Amino acid sequence: MLRQIPRLIPILALILMPVLQGCAVNPVTGQRQFVLFTERQEIEMGRQADQDISASLGVYEDPELARWIDEMGQAMAAESERPDLPWTFRVLDDPTINAFALPGGYIYVTRGILAHLTSDAELAGIVGHEIGHVTARHGITRVSRAQLAQVGLGLGMILAPDLRPFGEAAGAGLQLLFLSNSRDAEREADDLGLGYMSAEDYDPRAVARVFEMLARASGAEDGDRIPGFLSTHPDPLDRRDRILARTTGDDPEFRGTRDDRDGFLQRLDGMIFGTNPREGFFRENVFFHPDMAFRLDYPRGWRTANTRDEVQGVSGEQDAVVLLGLVQEDSPSAARQRFLAGQGIETIGRSDQSVNGLPAASAEFRVQGENATFRGYVVFVRHQDRTFRMLGYATQASWNARQSALSQAVRSFQPVTDRAILDVQPRTIELVRTQNQMTLEGFHQRHPSPTVDLTTVGVINGFRSGDVIPAGTLMKRVVGEPLPGGE
Ligand SMILES: [Zn+2]
């Protein structure tokens, strides 16, 4: 997180280009459907959102794994109805269990979902499903419908680029993700995906295991891995049953046999598991950043998120936010000057008082949004050759109630010297081959994963409590320490 990234052109600007395309022929069904975009616009929209997503969520750095997944995806996409799209497959550095597609042929799997899979065929099933969303133009019709509803609402608050509407936590590209597909679209993508993976000789029954894993993981306790993949999808067990019913007959289309556990798991050896604390982490309401050696205390009880370019906190009532980010200026006062020169910003007061011993420049301001007036504090602090910006603001109506919490939060920036924080390391996946036959409980005892429970060990390995694991089975365990900094 926290890299200096220029704000990207909001995708909404592109969406709102006054081009009504009317009908287009759906590449999968051959039927005409109402869409707002040509294929070229679809690709351009995907390309811009891809930049947004890659910047906000981050691409996982494992070139070999990336190349392998790209090869798998390209092979399946070549079998699809739209082989000529600029297909792009990425692994996102994100611990949540997720996979999604953008218009134009951009497909993402998170390292979180990879950590939960046990064979190449399972991954092929997921990638094939997402390819199906693109070939059937689900995303684009989805955007079209959402867009139709949105035309007339305007672009929202863009008076001051630093101030965004509450709850709009992420870049415009990410908003595309929150538009969910219909059940019919999911079934269609499931069916298309089965076809693409079968064409590459993968065993389609592996997909049933994926849905089982999703069902189990969504019931698991580990709160920071709630699978977003599920929230927009129909019940995974229904989909499992449907897929089993389709593929267990003697249909020659579904006779693929590729389903390689060992080869796949070996690609995950050493992969980061869960949140990577080197990129900053929360303990309760406190944000710690080990590489940049600082902490910031958010108000208690707020909802927080750590994205690549910003750390966000939103009040429960969504009437106030605190945003932490980096700016390019070397001096806090130069940074403050540029901020206050922003369009629509009215300065109420300034201060050059230091913050916890660090050089700082602060200001109180007011800004007129399209629908409301906001009031807030901005604090720029210089620490270890970087200039940080803490921005806290609330609606004018809730200013009195929020003022003191905001003032405290934006001035809570302080250096960290605790070695336990500075030296924290991510947890990783380690592979173990069982010497003897044993139960899952026996495996967990013999090869412990100190920070995850038995259920999770079972889910990531595809075994259940009481299952007997044959001798010679390659298994994952999670090694590493729990996060420091608990209070
Ligand atoms: Zn889907």
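**Warm-up: the whole chain**

Among contacts between residues at least 6 apart in sequence, 70% join residues at least 24 apart. Keep in mind that this is a predicted model.

*Task 1.* Find how many helices and strands the protein has, and what share of its residues counts as buried.

*Solution.* Start with the secondary structure: there are 17 helices and 21 strands. Then turn to burial: 42% of the 487 residues count as buried.

**A sheet with a helix across it**

*Task 2.* Work out the strand order of the open sheet that holds S3, S4 and S5, and say which strands are at its edges.

*Solution.* Step one is the order, which reads S3-S5-S4, with mixed pairing. Step two is the edges: S3 (88-92) and S4 (99-102) each pair on one side only. While you're there, note the twist, which averages 20° from one strand to the next.

Step three looks at one pairing up close. S4 and S5 (residues 106-110) run antiparallel and are joined by 4 bridges. To see one of those partnerships, pick Ala101, whose bridge partner in S5 is Ile107.

Step four adds a helix. H5 (residues 120-135) lies across S3, S4 and S5, and it runs at about 25° to S4.

**Into the core**

*Task 3.* In the largest nonpolar core, which residues touch the most other members? Then say where this core lies relative to domain 1 and domain 3.

*Solution.* The core has 64 residues, and Val109 and Val127 touch the most other members. Helix H9 (residues 206-219) gives the largest share, 8 residues. Now bring in the domains: domain 1 (11-273) and domain 3 (426-479) both contribute residues, so the core lies between them.

Next, zoom in on Val109. Setting aside neighbours within four places in sequence, Val109 is in contact with Ile69, Val91, Ala99, Leu114, Ile126 and Val127. Apart from this core lies another one, of 38 residues, including Phe287 and Met390.

As background, nonpolar side chains tend to be buried together in soluble globular proteins.

**A second three-stranded sheet**

*Task 4.* Take the open sheet made of S6, S18 and S21. Explain why S6 and S21 each have one side without a neighbour in the sheet.

*Solution.* First, the order is S6-S18-S21, and the pairing is antiparallel. Second, S6 (272-273) and S21 (474-479) are at the edges with a single partner strand each, so one side of each has no neighbour in the sheet.

Third, check the pairing of S18 (residues 427-433) with S21: these strands run antiparallel, with 6 bridges between them. You can spot Ile429 opposite Val478 in S21. Finally, look for H12 (residues 261-268), which lies across S18 and S21 at about 20° to S21.

**Following the hairpins**

*Task 5.* Trace the chain from S10 through S11 to S12, and find which residue takes a positive phi in the hairpin of S11 and S12.

*Solution.* Begin with S10 (residues 303-306) and S11 (residues 311-314), an antiparallel pair with 4 bridges. A hairpin of 4 residues joins S10 to S11, and Ala305 stands opposite Gln312 in S11.

Carry on to S12 (residues 320-327), which pairs with S11 in the antiparallel sense, over 4 bridges. Here Gln312 stands opposite Leu323. The hairpin of S11 and S12 has 5 residues between the strands, and Gln318 is the residue there with a positive phi, near 60°.

**Two loop residues**

*Task 6.* Asn356 and Asp385: which loop holds each one, and is each exposed or partly exposed?

*Solution.* Take Asn356 first. Its place is the loop between S13 (345-351) and S14 (360-368). Although not a glycine, Asn356 has a positive phi of about 45°. With 14 C-beta neighbours inside 10 Å, Asn356 counts as partly exposed.

Now Asp385, in the loop between S15 (373-383) and S16 (386-395). The phi of Asp385 is positive too, near 65°. With 7 other C-beta atoms within 10 Å, Asp385 is exposed, since the cut-off for exposed is 12 or fewer.

**One last helix**

*Task 7.* Find how far H8 reaches from its first C-alpha to its last.

*Solution.* H8 (residues 183-199) has 17 residues and reaches 24 Å, close to the 24 Å expected at 1.5 Å a residue. Among its buried residues are Ala185, Leu192 and Met197. After H8 comes Asp201, with a positive phi near 70°.

Notes. Residues are numbered from 1 along each chain as its sequence is written. This is a predicted model: local features need pLDDT of at least 70, side-chain atom pairs count only at pLDDT 80 or more; totals for chains, interfaces and linings use all residues. The expected span of a helix is 1.5 Å times one less than its number of residues. A residue is buried if 20 or more other C-beta atoms lie within 10 Å of its own, exposed if 12 or fewer, and partly exposed in between; C-beta atoms are placed from the backbone. Two strands pair if DSSP finds at least two bridges between them. Two residues are in contact if their C-beta atoms, placed from the backbone, lie within 7 Å. Axes are lines fitted to C-alpha atoms, for helices over the stretch in contact, and angles run from 0 to 180 degrees between N-to-C directions. A nonpolar core is a set of buried Ala, Val, Leu, Ile, Met, Phe, Trp, Tyr and Cys residues joined through C-beta atoms within 7 Å. Domain bounds come from an automatic or database domain assignment.
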